[in-house]
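Biologist: Thanks for sitting down with me over this one. Could you put it on the screen so that we can go through it together?

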Amino acid sequence: MAAERLGVPGAGGGGTGAGSRIAYRLQATRKRVRQVDATVSAPDPTTLVEADQNSSLQTRWQVAPGAGEQQSTVTATTTWDGAGGVGGFFERTFAPIGIRRLNTAVLDKVTDQPG
């Protein structure tokens, strides 16, 4: 997802890990913008779950040991209850592409961080 389609994320009510809140605007198209207000939980030491308070959107981030000593494998799984009808058809068709791009952009930023 192009960076210009994401609003500036903000954190509140925590900052890192469980209890954090993440708020941003997700612009899917020129006309379709949604406000995401997610609360983070940590159901186990290797998992963070971002749950949007405005919809059924949830992203589960899981970290597992990677092939090398300094490597990890991160899996992002996003779920939501899409709309019905014609709008729902387009949402089910195109939303997974946008979500995949968004999650890849997040992982790319983490990969670029030193240390």
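Biologist: Let me start with Phe89: is Phe89 buried, partly exposed or exposed?
Modeller: Keep in mind that this is a predicted model. Phe89 sits in helix α1. Its relative accessibility is 46%, and the partly exposed class lies between 20% and 50%, so Phe89 counts as partly exposed.

Biologist: Which residues make the nonpolar surface patch of about 510 Å²?
Modeller: Phe89, the partly exposed residue we just discussed, is one of them. The full set for this patch is Val86, Phe89, Phe90, Phe94 and Ile97.

Biologist: And away from that patch, which residues make up the largest nonpolar core?
Modeller: In soluble globular proteins, nonpolar side chains tend to be buried together. Here, β2 (21–27), β3 (33–44) and α1 (85–112) each give two or more residues to the core. It has seven residues in all: Tyr24, Leu26, Val36, Ala38, Leu57, Ile99 and Leu102.

Biologist: Leu57 is on that list; what does Leu57 touch, not counting residues up to four places away in sequence?
Modeller: Two of its partners, Val36 and Ile99, are fellow members of the core. Leu57 also reaches residues outside the core list, including Glu50 and Trp80. The whole set is Arg34, Val36, Glu50, Ala51, Asp52, Thr78, Thr79, Trp80 and Ile99.

Biologist: Now for charges: which side chains meet in a salt bridge?
Modeller: Side chains of opposite charge can pair when their charged atoms come close. The count in this model comes to one salt bridge, with an N to O distance of 2.5 Å. Its two partners are Asp37 and Arg21.

Biologist: How many residues apart in sequence are the parts that this pair ties together?
Modeller: Arg21 is partly exposed, at a relative accessible area of 34%. Asp37 lies in strand β3 and Arg21 in strand β2, so the pair links parts whose separation in sequence is 16 residues.

Biologist: Back to helix α1, where Asn103 is placed: is Asn103 buried or exposed?
Modeller: Asn103 is in contact with Thr59, Trp61, Ala76 and Thr78, leaving aside neighbours within four places in sequence. Its relative accessible area is 9%, below the 20% cut-off, so Asn103 is buried.

Biologist: Where is Ala83, and which residues does Ala83 touch beyond those up to four places away in sequence?
Modeller: Ala83 is partly exposed, with a relative accessible area of 38%. Its place is in the loop between β6 and α1. The residues it touches are Gly88, Glu91 and Arg92.

Biologist: Thr77 is in strand β6; what separates the C-alpha atoms of Thr77 and Arg60?
Modeller: Thr77 is partly exposed, at a relative accessible area of 41%. Leaving aside neighbours within four places in sequence, Thr77 is in contact with Gln58, Thr59 and Arg60. Although Thr77 and Arg60 are 17 residues apart along the chain, their C-alpha atoms are separated by 5.1 Å.

Biologist: Stepping back, in what order do the elements of the chain run from the N terminus on?
Modeller: The chain has one helix and six strands. Strand β6 covers residues 72–79, and helix α1 covers residues 85–112. From the N terminus on, the order is β-β-β-β-β-β-α.

Biologist: Which element has the lowest mean pLDDT?
Modeller: The chain averages a pLDDT of 79, and 81% of the residues score at least 70. Residues 1–8 have a pLDDT below 50. Where pLDDT is low, the predicted coordinates should not be read in detail. Among the elements, the highest mean, 94, belongs to strand β4 (residues 47–52), and the lowest, 54, to strand β1 (residues 10–12).

Biologist: One last thing: what share of the chain's accessible surface belongs to carbon and sulfur atoms?
Modeller: Buried residues make up 20% of the 115 residues in the chain. The accessible surface comes to about 8,100 Å², and the share of carbon and sulfur atoms is 55%.

Terms used:
Residues are numbered from 1 along each chain as its sequence is written. This is a predicted model: local features need pLDDT of at least 70, side-chain atom pairs count only at pLDDT 80 or more; totals for chains, interfaces and linings use all residues. Side-chain values use heavy atoms; hydrogens and water are left out. Buried means under 20% relative accessible area, exposed over 50%, partly exposed in between (1.4 Å probe, protein chains only). Accessible areas come from the Shrake-Rupley method with a 1.4 Å probe; for residues, only the protein chains shown count as cover. pLDDT is the predictor's confidence in each residue, from 0 to 100. Contact means heavy atoms within 4.5 Å. A nonpolar core is a set of buried Ala, Val, Leu, Ile, Met, Phe, Trp, Tyr and Cys residues joined through side-chain atoms within 4.5 Å. A salt bridge is a side-chain nitrogen of Lys or Arg within 4 Å of a carboxyl oxygen of Asp or Glu. Patches are made of residues with over 30% relative accessible area and no salt bridge: like charges are joined within 9 Å, nonpolar side chains (Val, Leu, Ile, Met, Phe, Trp, Tyr) within 5 Å.
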